[in-house]
Amino acid sequence: MPAITIGLPASLTAPGPAQDYALEAATVGAALRALVERAPQYEQRVFYRDRLLVVVTLNGRQLQPERVEKTELSAGDRLDILMPVAGG
């Protein structure tokens with residue numbers, strides 16, 4: 001499995017600082033599950049049951065929610081988790 005990095009912003013890790021996690025995963029979905037297994041305090045901020053609550057970028061490009069689960073990863077990839085913003 002490829003070694004990747006997941007970046008979590010301070011808006012998700014509050015009251016703590018932003019954090020990076022080094023993980024190994026073959027797909028983005030597997031990486032997110034590995035993240036919440038390793039840091040369960042973020043599970044309810046990332047998922048609601050099986051529904052994704054965050055925006056995911058892969059090497060700076062936003063992934064469409066329907067592609068998150070099966071998108072394959074390569075060694076050195078970086079995922080960033082962003083909190084969605086709503087307004088009007």
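## A tour, starting at Arg49

Select Arg49 to begin: with a relative accessible area of 70%, Arg49 is exposed. Before you go on, keep in mind that this is a predicted model. You'll find Arg49 in the loop that runs between strand E3 (47-48) and strand E4 (51-52). Look at the backbone here too, since Arg49 has a positive phi of about 55° although it is not a glycine. For background, most residues other than glycine have a negative phi.

**Zoom out to the whole chain**

Now show everything as a cartoon. What should you be able to count? The protein has four helices and seven strands. Trace them from the N terminus and you get the order β-α-β-α-α-β-β-β-β-α-β. The radius of gyration is 12 Å, close to the 12 Å that the globule rule gives for 88 residues, so the protein is as compact as a globular protein of that length. If your viewer draws a bounding box along the principal axes, expect the C-alpha atoms to fill roughly 35 × 25 × 25 Å.

Switch on a surface next. The protein exposes about 5600 Å², and carbon and sulfur atoms supply 50% of that area. Buried residues make up 36% of the 88 residues. Colour by charge and you'll pick up 9 positive and 10 negative side chains; the centres of those two sets lie 5 Å apart. As for contacts, take those with a separation of 6 or more: residues 24 or more positions apart account for 52% of them.

**Stop two: Asn59 and Thr57**

Go back to the cartoon and select Asn59, in the loop between strand E5 (55-58) and strand E6 (61-62). What is phi doing here? Phi of Asn59 is near 50°, a positive value in a residue other than glycine. Asn59 counts as partly exposed, at 46% relative accessibility.

Step back to Thr57, which sits in strand E5. Is Thr57 buried or exposed? At 9% relative accessibility, Thr57 counts as buried, because the cut-off for that is under 20%. Show its neighbours, leaving out residues up to four places away in sequence, and you'll see Thr57 touching Gln62, Leu63, Arg78, Leu79, Asp80 and Leu82.

**Stop three: the cis bond at Pro15**

Now select Ala14 and Pro15 together and look at the peptide bond between them. That bond is cis, with omega of about 10°. In general, most peptide bonds are trans. Pro15 is placed in the loop between H1 and E2.

Ala18 is found in the loop between H1 and E2 as well. At 49% relative accessibility, Ala18 counts as partly exposed. Leaving out residues up to four places away in sequence, Ala18 touches Leu8, Pro9, Ala10 and Thr13. Try the distance tool on Ala18 and Gly7: they are eleven residues apart in sequence and 7.5 Å apart in space, C-alpha to C-alpha.

**Stop four: Gln19 and Thr13**

Move on to Gln19, in strand E2 (residues 19-24). Gln19 is partly exposed, with a relative accessible area of 28%. Which side chain does Gln19 reach? Show side chains and find Tyr21: a polar contact of 2.7 Å joins the side chains of Gln19 and Tyr21. Not counting residues up to four places away in sequence, Gln19 touches Ile6, Gly7, Leu8, Thr13 and Tyr42. For another distance, pick Pro9: the C-alpha atoms of Gln19 and Pro9 are separated by 6.7 Å, and the two residues are ten apart along the chain.

Thr13, on that contact list, is your next click. Thr13 lies in helix H1 (residues 10-13). Thr13 is buried, with a relative accessible area of 5%. With residues up to four places away in sequence left out, the contacts of Thr13 are Leu8, Ala18, Gln19, Tyr42 and Arg45.

**Last stop: Gly29**

Finish in helix H2 (residues 28-38), which holds Gly29. Gly29 is buried, with a relative accessible area of 2%. What touches Gly29, not counting residues up to four places away in sequence? Select Val68 and Glu69 and you have both contacts. For a final distance, add Ser11: Gly29 and Ser11 are 18 residues apart in sequence and 21 Å apart in space, C-alpha to C-alpha.

Terms used:
Residues numbered from 1 in each chain as written. Predicted model: local features only at pLDDT ≥ 70, side-chain atom pairs only at ≥ 80, totals over all residues. Heavy atoms only, no water. Helix = DSSP H or I, 4+ residues; strand = E, 2+ residues; numbered from the N terminus. Rg over C-alpha atoms; globule rule 2.2 N^0.38 Å. Buried < 20%, exposed > 50% of the residue type's maximum accessible area, 1.4 Å probe, protein only. Contact = heavy atoms within 4.5 Å. Areas by Shrake-Rupley, 256 points an atom, 1.4 Å probe, with all protein chains shown as cover. Lys, Arg positive; Asp, Glu negative; His and termini not counted. Charge placed at Lys NZ, Arg CZ, Asp CG, Glu CD. Polar contact = N/O pair within 3.5 Å; in protein donor to acceptor, adjacent residues only side chain to side chain.
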